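Welcome, and please get your viewer ready. We will begin at a single residue and work outwards from there.

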Amino acid sequence: MKSLKERLNEVKGENITSQWINDEKPIMTRDGRQAIILKVDMSEVPNILVGQVKMQSKMFDYKWDDSGKCIKAVDSMGNPKKADESDDLVQAQ
């Protein structure tokens with residue numbers, strides 16, 4: 001029997017891979033917000049994905065490590081907030 005976390009991953013999409021990012025395929029946050037990668041900063045290890053997330057009708061700056069784990073997030077007003085699992089990137093299908 002699958003756990004609740006495994007079922008949520010199936011509904012929201014699989015974890016991203018570097019190939020998924022290189023192919024510029026669609027991505028979203030784990031909670032379903034649209035996201036876009038603007039650049040990949042390869043000067044750091046692990047690589048940093050710099051992008052934006054759409055909340056309501058505005059785009060906000062975010063950063064993720066190359067596994068899709070969020071390292072910089074903001075709330076819907078643009079104020080810094082602690083990144084949580086819902087801010088992580090997954091494949092949009």
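Select Arg33 to start: with a relative accessibility of 16%, Arg33 is buried, because buried means under 20%. Bear in mind as you look around that this is a predicted model. You will find Arg33 in the loop that links β1 (27-29) to β2 (34-41).

Now show the side chains around this residue. Which side chain makes a polar contact with the side chain of Arg33? Select Asp87, where the two side chains come to 2.6 Å. Leaving aside residues up to four places away in sequence, Arg33 touches Met28, Val53, Lys54, Met55, Tyr62, Ser86 and Asp87.

From that list, pick Tyr62 as the next stop. Tyr62 is buried, at a relative accessible area of 1%. Add Trp64 to the selection; its relative accessible area is 0%, and it is buried too. The structure holds one aromatic pair. Tyr62 and Trp64 form it: their ring centres lie 5.8 Å apart with the planes at 20°, so the pair is stacked.

Finally, zoom out and colour by secondary structure. The protein has two helices and seven strands, and along the sequence they run α-α-β-β-β-β-β-β-β. Of the 93 residues, 33% are buried. Among contacts with a separation of 6 or more, 31% join residues 24 or more positions apart. Switch on the surface to end the tour: the accessible area is about 6,300 Å², and carbon and sulfur atoms supply 51% of it.

Key. Residues are numbered from 1 along each chain as its sequence is written. This is a predicted model: local features need pLDDT of at least 70, side-chain atom pairs count only at pLDDT 80 or more; totals for chains, interfaces and linings use all residues. Side-chain values use heavy atoms; hydrogens and water are left out. Helices (H or I, at least four residues) and strands (E, at least two) are DSSP runs, numbered from the N terminus. Buried means under 20% relative accessible area, exposed over 50%, partly exposed in between (1.4 Å probe, protein chains only). Contact means heavy atoms within 4.5 Å. Accessible areas come from the Shrake-Rupley method with a 1.4 Å probe; for residues, only the protein chains shown count as cover. Rings of Phe, Tyr and Trp (its six-membered ring) pair if their centres lie within 6.5 Å; planes under 30 degrees apart count as stacked, over 60 as edge-to-face and the rest as tilted. A polar contact is a pair of N or O atoms within 3.5 Å; within protein, one must be able to donate a hydrogen and the other to accept it, and residues adjacent in sequence count only if both atoms are side-chain atoms.
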